[in-house]
Amino acid sequence: MAALSPLTIFAGLILLLALYCGLDPFHKSPIYGFPDYKSYYIPVPDPSEVDNLDDPQNLLQRSEIKWMNQVLGPESIAFDAQGLGPYTGVADGRVLFWNGLSWTTFAYTSPNRSEICDPKPTMREHAKNEHICGRPLGLRFHKKTGDMYIADAYYGLLKVGPEGGLATPLATEAEGLPIKFANDLDIDDEGNVYFTDTSLRYSRRDVVQLDFSADPTGRLLKYDPVTKETTVLVRGIQFANGVSISKDGTFLVYVEGSIGRLSRYWLKGEKAGTAELFAYPPGFPDNVRTNERGEFLAAIYCRRHSYFNFLAKNPRFRDFVLRLPISAHYQYIAYSGGPLHAMVTKYSPEGKLLQVWEDREGKVVRGISEVEEHDGKLWMGSVLMPFIAVYDLASS
């Protein structure tokens, strides 16, 4: 019997690999269980469009880590009109309040809470019951009424009074389509709430698959407190995420997470009702917040890198890679450019990058979701970490 040539053996191995990826017999693929999964093209900005500014001192490494393992996944941070707090939403579905001595339960979003929602040692233990217990993400206080507004990943947009307790649902659908993944919000002076619905296809429980997919069904929404109606302002967003209104109320900035883009939506003036580019930060932003001076602070959880750029522009290859027998954990590390790190960017109202704070190695701060400037400090939350990081701006 003639020996097989190296080319024939190589071709056979390629065929077997393709067959394995197509069948996934051991269910190791990150997209197993998602038969309709599809990777979408992600527009990658030209390098000349990306703002590049480094922090060679890694200033965020001077941050103080507070409340380790007392707050699991504190995505968003808020302070009330009296400056009390912080308040933050955590993995077990509660909104917690720091009273100066300890964390207490301020509010919760699910009317179906039971013992399965009780605090547990790790976030992973809460993940399987998120859709029951709720997962509060974006938090904001109405400056005039003192009410807290909450974007819950499963229960939509809600409101709770200054006394706390069970939050009242305000919006669970928009123009006939359910809000699948409410993420972040802000409130204007008239009480209109602007918030994001990250995807019409994926819930937060499937956020890793959503991240890989770059599903283009995210929406920017507006809730009118007078008519009680929710309208769609922008459609087709790839991972709609953070949102923050400008100090003068003429526009808001929202995050397109898959692209790593900050976009501006005009609320007033000649351009009202239109969207445009605000900035391409050095990395991929999560939430964005406006400080008292009208500057925008964006929490960056990872920098841009060449491997992501290649996968972004080649969705079919991305599909192939995701079918390899490599766990979602390791695929996500590669997709994010390596181990978790952190960056905070500060932009002017005109979209000019003013300053960067960074922990490029992730030694102290990593995987941040939001940064709130309060009392001369940067308060950093993370949907992935069990702590809040605080950086004193006086140490810059």
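Biologist: Let's start with a definition: a charge sits over a ring if NZ of Lys or CZ of Arg is within 6 Å of the ring centre and within 35 degrees of the ring normal. Keep in mind that we're looking at a predicted model.

Modeller: OK, so which arginine lies over the face of phenylalanine 251?

Biologist: That's arginine 264, at 4.5 Å from the ring centre. There's another case too: arginine 304 lies over the face of phenylalanine 284, at 5.2 Å from the ring centre.

Modeller: Now rings with rings. How many aromatic pairs does the structure hold?

Biologist: The count is 21 aromatic pairs. To read one, look at the angle between the ring planes: over 60 degrees counts as edge-to-face. Take phenylalanine 278 and phenylalanine 296: the ring planes stand at 70° with the centres 5.5 Å apart, so this pair is edge-to-face.

Modeller: Which parts of the chain does that pair tie together?

Biologist: Phenylalanine 278 belongs to strand β20 (residues 275-279) and phenylalanine 296 to strand β22 (residues 296-303), so the pair links parts that are 18 residues apart in sequence. Both phenylalanine 278 and phenylalanine 296 are buried.

Modeller: And what about phenylalanine 310 and phenylalanine 317?

Biologist: Their planes are at 75° and their centres 5.3 Å apart, so that pair is edge-to-face as well. For exposure, the band between 20% and 50% relative accessible area is called partly exposed. Phenylalanine 310, at 41%, counts as partly exposed, and phenylalanine 317 is partly exposed at 35%.

Modeller: Which helices do those two help to bring into contact?

Biologist: Phenylalanine 310 is on the α5 side and phenylalanine 317 on the α6 side. Helix α5 (residues 306-313) and helix α6 (residues 315-322) pack at about 110°, with axes 5 Å apart. Angles of 65 to 115 degrees count as roughly perpendicular, and α5 and α6 are therefore roughly perpendicular to each other. From α5 the contact also includes Tyr307 and Leu311, and from α6 it includes Pro315, Arg318 and Val321.

Modeller: On to sheets. What's the general idea behind strand pairing?

Biologist: Strands of a sheet pair through backbone hydrogen bonds, in either a parallel or an antiparallel way. Here, one open sheet has five strands in the order β2-β3-β4-β5-β9, and the pairing is mixed.

Modeller: Which strands stand at the edges?

Biologist: β2 (77-78) and β9 (165-166) do; each has a single partner strand, so one side of each has no neighbour in the sheet. Further in, strand β4 (residues 94-98) and strand β5 (residues 103-108) pair in the antiparallel sense over five bridges. Valine 95, for example, has alanine 107 in β5 as its bridge partner.

Modeller: What does β8 pair with?

Biologist: Strand β7 (residues 148-152) runs antiparallel to β8 and is joined to β8 by five bridges. A hairpin of three residues connects β7 to β8, and aspartate 152 stands opposite glycine 156 in β8. β8 also pairs in the antiparallel sense with strand β10 (residues 168-171), over three bridges; there, leucine 158 has proline 169 as its bridge partner.

Modeller: Is β8 (residues 156-160) mostly covered or mostly open?

Biologist: Mostly covered: four of its five residues are buried.

Modeller: Let's do backbone torsions. What should I expect of phi and of peptide bonds?

Biologist: Most residues other than glycine have a negative phi, and most peptide bonds are trans. Now the exceptions. A cis peptide bond, with omega about 10°, joins glycine 85 and proline 86. Proline 86 sits in the loop between β2 and β3 (87-89).

Modeller: And where do I find asparagine 58?

Biologist: In the loop between α1 (6-23) and β1. Asparagine 58 has a positive phi of about 50°, although it is not a glycine, and at 16% relative accessibility it counts as buried. Tryptophan 67 has a positive phi too, near 60°. Tryptophan 67 is in the loop between β1 and β2 and is buried, with a relative accessible area of 10%. Trp67 also forms one aromatic cluster with Phe79, Trp98, Trp103 and Trp379.

Modeller: What does glutamine 70 touch beyond its sequence neighbours?

Biologist: Leaving aside neighbours within four places in sequence, glutamine 70 is in contact with Leu96, Trp103 and Pro386. Glutamine 70 is found in the loop between β1 (64-66) and β2, partly exposed at 45%. In sequence, glutamine 70 and proline 121 are 51 residues apart, yet their C-alpha atoms lie 9.2 Å apart in space.

Note on methods. Residues are numbered from 1 along each chain as its sequence is written. This is a predicted model: local features need pLDDT of at least 70, side-chain atom pairs count only at pLDDT 80 or more; totals for chains, interfaces and linings use all residues. Side-chain values use heavy atoms; hydrogens and water are left out. Rings of Phe, Tyr and Trp (its six-membered ring) pair if their centres lie within 6.5 Å; planes under 30 degrees apart count as stacked, over 60 as edge-to-face and the rest as tilted. Buried means under 20% relative accessible area, exposed over 50%, partly exposed in between (1.4 Å probe, protein chains only). Two strands pair if DSSP finds at least two bridges between them. Axes are lines fitted to C-alpha atoms, for helices over the stretch in contact, and angles run from 0 to 180 degrees between N-to-C directions. Angles under 35 degrees count as roughly parallel, over 145 as roughly antiparallel, 65 to 115 as roughly perpendicular and the rest as oblique. Contact means heavy atoms within 4.5 Å.
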